[in-house]
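New to this one? Take a first look at the sequence and the 3D structure, and then we can walk through a few of the details together.

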Amino acid sequence: MQTRRVAVLVVLILFLPALLVAQENSKRTQADRDIAERFAPEFHQSLGPKPRFDYITNFNFDGNWRGDDNWANADNQKFTLKAFVYYSVTETKTHYFIHYATFHPRDYKGGDKNGALLSELLRQGAELGGKYDPTGKLSEAALAHENDLEGCLVVVAKGDSPDQGKVVYVETVSHNRYLKYVTAFAVPAIASGQIVHLENSHPQLYVEPKGHGIEAWMPDKQTRADRSILVYQVGATASDPERARGDSVSYELVSMLDDLWPRAGQGVNETYGDSRDYREIKIQTFAAGDKLEWHSTKARAVGSTFLGKIGMPNAARPPWGWFDGDLGVKSAGEWFFDPAGTVKGHFGLGDSFSTVYLSNSFLSATTTRPASAAAK
């Protein structure tokens, strides 16, 4: 009996730390999801001539993780395009930073037909665009391609609890451009940008048909008689828009960290068509005793575009592959890996806007050094 007790004690000593870490990670995961739900945007999706290709869904809607069959399978009625939106949450002492990403199997700006001629013409156009348009903005704005992932970053000023947080800034992705918006809760003296409206803490955003760029919802500007609008609202389940009653559906949140990110770590594969070594990004985090530590990211051979063969090849990017077209691909990863530093620069915010992270699950902290300054 004594031997058994000793054995049990040894097992507890060996595995209790891992169990405590797993428990803490589970709490963090649930807390992140609750925060993402609390401030999830309502996406006003404009439906073009082929509404099925404008429905927001998940990358593996067709039951597999191949990127090069999504164009064709989007037209296959046996696959339902249920509503999912990807999310991730990072946190500083003063703010939450929540990325949301909306996926469409087709960007069909160049047409909706999956013909060899169309595909070849679009490929030739992409090659020419690369010679005369090094930023890629012209190609992205004009050419169709397989897969499409665009999104937004919602910045929440923290209160005493997540329920008391206020959305202050929103940035959206629209064809390699970051569009900057403020809410009524932003500080007028230091914030600049167009207004985005909120409904019970949910930013109101518009998703264009065909190309699916995202901007603030302005119904007087964006509503057209020849197009209908389908409103995507966060919910507990993923609705099928083809069976929707009325003009709204509920979408379910999916963690980027659990779903899209692990496959990116494998580099080029059936999901990702290209990989890249991201430049070093330095951030600060809290250490023991409220001290600061510097961390350097070492993201190497990470999947940076989704595999796609129709139209402009490998054109769609995951959130860590998004970049500002004015700065070029050298800015890839900044907006995702260091949202606090990026937003602070975009809006010219002061020292009260902390860039020291409490949590940032995507960063690979491979190099650290202690800092002597007090955390802000």
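What follows is a short tour, from confidence to strands to rings.

## How far to trust it

First things first: this is a predicted model. The protein chain has an average pLDDT of 83, and 78% of the residues come in at 70 or higher, that is, they score at least 70. Residues 129-136 are a weak spot, with pLDDT below 50, and the model gives this stretch seven contacts beyond near neighbours in sequence.

Residues 364-376 also stay under 50 in pLDDT. For that stretch, the model has 33 contacts beyond four places in sequence.

## Strand S4 and its partners

Now have a look at strand S4, which covers residues 145-157. Of its 13 residues, 12 are buried, so S4 is largely enclosed by the rest of the structure.

Strand S4 pairs with strand S3 (residues 95-107) in the antiparallel sense, over 12 bridges. With strand S5 (residues 166-173), S4 also pairs in the antiparallel sense, over six bridges. You can follow one residue of S4 across both pairings: Leu153 is the bridge partner of His99, and the bridge partner of Leu153 in S5 is Glu171.

As background, side chains in a regular strand alternate between the two faces of the sheet.

## Rings meeting rings

There are 17 aromatic pairs in the model. One of them is Tyr206 with Trp217, a stacked pair with 6.0 Å from centre to centre and 25° between the planes. This pair links distant parts of the chain, 11 residues apart: Tyr206 belongs to strand S9 (residues 202-207), while Trp217 is in the loop between strand S10 (214-216) and helix H5 (219-222). Both Tyr206 and Trp217 are buried.

Phe336 and Phe337 make an edge-to-face pair, because their planes are at 75° with the ring centres 5.7 Å apart. Phe336 counts as buried because its relative accessibility is 2%, and Phe337 is buried too, with a relative accessible area of 2%.

## A cluster, and charges over rings

Which residues form one aromatic cluster? They are Phe59, Trp65, Phe103, Tyr272 and Phe306. Trp65 has a charged visitor as well: the charged end of Arg263 sits over the Trp65 ring, 3.6 Å from its centre.

Elsewhere in the chain, look for Arg276, which lies over the face of Tyr278 at 5.3 Å from the ring centre.

Conventions:
Residues are numbered from 1 along each chain as its sequence is written. This is a predicted model: local features need pLDDT of at least 70, side-chain atom pairs count only at pLDDT 80 or more; totals for chains, interfaces and linings use all residues. Side-chain values use heavy atoms; hydrogens and water are left out. pLDDT is the predictor's confidence in each residue, from 0 to 100. Contact means heavy atoms within 4.5 Å. Buried means under 20% relative accessible area, exposed over 50%, partly exposed in between (1.4 Å probe, protein chains only). Helices (H or I, at least four residues) and strands (E, at least two) are DSSP runs, numbered from the N terminus. Two strands pair if DSSP finds at least two bridges between them. Rings of Phe, Tyr and Trp (its six-membered ring) pair if their centres lie within 6.5 Å; planes under 30 degrees apart count as stacked, over 60 as edge-to-face and the rest as tilted. A charge sits over a ring if NZ of Lys or CZ of Arg is within 6 Å of the ring centre and within 35 degrees of the ring normal.
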